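Trainee: I'd like to go through this one and check what earns each label. Can we start with the charged pairs?

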2 protein chains.
Amino acid sequence: MKLNVIFTLGALLASFSTLAHESETSSEWRALDANKTVLLTLPHGKVIIELAPQFSPKHVEQFIKLTKAGHYDGNKFYRVIDGFVAQGGPEDGSRADKLVPTLKMEGDFTTDEQWQFTKIQDNDLFAEQTGFKDGFALAHNPSEKKAWLTHCPGVIAMARGNTPDSASSHFYIINGQAPRYLDRIMTIFGRVVYGMNNVQAISRTAVIEGETPIDKKDHTPMISMQMMNDVPKDQQINIEVKNTEHPKFSEMITNRKKREAAFFYKKPPPVLDVCQTPVLSRIVK
Amino acid sequence: MKLNVIFTLGALLASFSTLAHESETSSEWRALDANKTVLLTLPHGKVIIELAPQFSPKHVEQFIKLTKAGHYDGNKFYRVIDGFVAQGGPEDGSRADKLVPTLKMEGDFTTDEQWQFTKIQDNDLFAEQTGFKDGFALAHNPSEKKAWLTHCPGVIAMARGNTPDSASSHFYIINGQAPRYLDRIMTIFGRVVYGMNNVQAISRTAVIEGETPIDKKDHTPMISMQMMNDVPKDQQINIEVKNTEHPKFSEMITNRKKREAAFFYKKPPPVLDVCQTPVLSRIVK
C-alpha cells in the first residue's frame, strides 16, 4: 500500500515534469497552418487572416470553400464605416450571391469545468471573464457556461440579415474601437494577423452629412482572396503568432498590468482590455 | 410664510420652465469655434481637430501658438504604430525642437458636487463613471473628485519623456483600440472631428519582425497645421458636432443601450463603452 502511494506520487511527479518540459520546449511562437490562413490582396497591400475552425467550424468550412471557388475575387467593400467595419461581398442579388447557402449562428459555445483559457481580466463591461485561447480574444461567462470570440479590431465575422441564421458569404472586418455589443449575435470566424493598416486604408463608403459620397466605382475591390496553401510557394507569406498558451504570454500579461516602466510615474488601474492586449505576429522567411 | 413658500415654488417652477425652454431651443448640433479648430493637411487628405482649452488650457495655448508660428509645417509622423498611435513633431534635437518650453501635466482636473456631465456608464474597467462633456469623452471618479479626458481613438495628446512635466510640442493621435491605461498620465488636449480615416492612413513606421521597415524619407509629413480661423475664408471647412448636453444626445444613449432594432434578436448587455459611443460631426456649407 505504501509502495503504491509512493509509486502514484512518483507517476504524478513524472507527469508534472513532462508538463513542465513541454512548456519549456514548446515555442513562444506558433506557426500558422497555411490551410487555415487566408491571403486577401487589396490594391494597396496584403491582409493575412487566421481562421478559427475550432470556434466556428461551419462558417470556416463555407468561407474556405467559397475562397477556393474564387467567390470573393473582384468583390468590393461596399459598406465601410470609419471606426466600425469594412464590409464586403458579391453584388447584392447577383447569381453568386444567391447561390450561397445560409449558415446557422456560431456566436458562442458551451464550456465545462475542464475548459481552459488564458484569463486576463474579470468583469469587463460585457463579460464575467476575458482572455485568449489559440491567439483569439474571447470572453467567458462561467455562470452561463458560455464563451465567445470578442469583436476586437481586426476580427472577421459574417454579416447577416435580421434573423440569426441568415449569414452566407458577406463578411466584415472590424476597423475601429471594439463594438462588443455585437458579441454572441454575430459569428466571428477569424482575425487579421498581418496588414491591419491595409484594412484601415480601405475607402470609406459612408461619409458624414455635408460631404460628397465616393462613387461606387471607387469602392475598394478585393483583387483576390486565396488560401495561403494555394498561393505559389515562393509567394507564400509565413506568419507566426505569439502562443497565448505559453508561460511567456502570461508573463507579458502580468507585466502589462503592473506597468513598472519609469514612464508610468503614476500607475494606471491594474486591468487589461482584451481588445487592447496585443497578440504579436512575425514573418518567417 | 405660506405666501412665501408659494412664491418660492413659483420661482422654482419659473426656473424649471426657463431650463426646459433653453433645452428645447438650443441646437442638437454645436458649431465649432474656428479659433479652437485645427486643420491638419496631410498628403492624402485633411484632418480637423477640436481643441479642448476648457480641460487643458496651457497645452492648448502652446499648441495654438506653435501652430500659428508654423512650427509643425513639414514635421513628420516618425512613430506610427498600428492599433496604437501616430506620433509626430519636429526633428529630434533640432533648433525648433529645443526652443519649445515644457508644459506642466494637465492629465486630470478636480470636480465638485456642482460639476456635471452627460453620464453614460458606471464602472467601466478604468473608472467609476464615464460620459461626455462639450463633445469630449471623459471619465470621472466621484470618490476622488477627479475627472479626465479618456484615450479614445482620435484624441490628440502631448507626448512626453519619463517625467510628468516634460511634454513640449511632440504629439500623438490615437489610431486604434483605446489605450485607456494612458489616461491621467498624459495630457489630452483635443480630438479629431473629421478625417479619422486619413489619420489611420498615415504610414506605419513600426513594422513587425521579419518585415522591411519603411525608409525615413517615406514617413508621412504634415504639409501644414493651421488654425481654421487663419485659413482663407473660401477654404475653411465649417464643422458642427452633436451637442452632448442636448436631450437628444441622452436619448441616443438610452436607445443605444436598449438595442431595440429587430437585428438584435438577442439583446447585448445594456452597457456602453465611452470610446465606442459616437459623437457625430457634419460639414456645414
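Mentor: Sure. This is a predicted model. Start with Arg180(A) and Asp124(A), whose side chains meet in a salt bridge, N to O at 2.7 Å.

Trainee: Why is the contact between Arg180(A) and Asp124(A) called a salt bridge?

Mentor: The cut-off is a Lys or Arg nitrogen within 4 Å of an Asp or Glu carboxyl oxygen. The N to O distance here is 2.7 Å, so the pair of Arg180(A) and Asp124(A) qualifies.

Trainee: What makes this pair a tie between parts of chain A?

Mentor: Arg180(A) sits in the loop between strands S12 and S13, and Asp124(A) in strand S7, so the pair links parts 56 residues apart in sequence.

Trainee: In chain B, how do you know whether Arg180(B) is buried or exposed?

Mentor: Buried means under 20% relative accessible area. Arg180(B) has 6%, so it counts as buried. Asp124(B), at 9%, is buried too.

Trainee: And what makes Glu209(A) partly exposed?

Mentor: Its relative accessible area is 47%, which falls between the 20% and 50% limits, so Glu209(A) is partly exposed. Glu209(A) also forms a salt bridge with Arg282(B), the closest N and O atoms being 3.3 Å apart. That pair crosses between chains, ending in strand S16 of chain B.

Trainee: How do you know which symmetry relates the chains?

Mentor: Chain B lands on chain A with an RMSD of 0.0 Å after a turn of 180° and a shift of 0.0 Å along the axis. That is a two-fold axis relation. In chain B, Gln177(B) has the C-alpha nearest the axis, at 2.4 Å.

Technical notes
Residues numbered from 1 in each chain as written. Chains lettered and ligands numbered in written order. Predicted model: local features only at pLDDT ≥ 70, side-chain atom pairs only at ≥ 80, totals over all residues. Heavy atoms only, no water. Least-squares fit on C-alpha atoms with pLDDT ≥ 70 in both. Helix = DSSP H or I, 4+ residues; strand = E, 2+ residues; numbered from the N terminus. Buried < 20%, exposed > 50% of the residue type's maximum accessible area, 1.4 Å probe, protein only.
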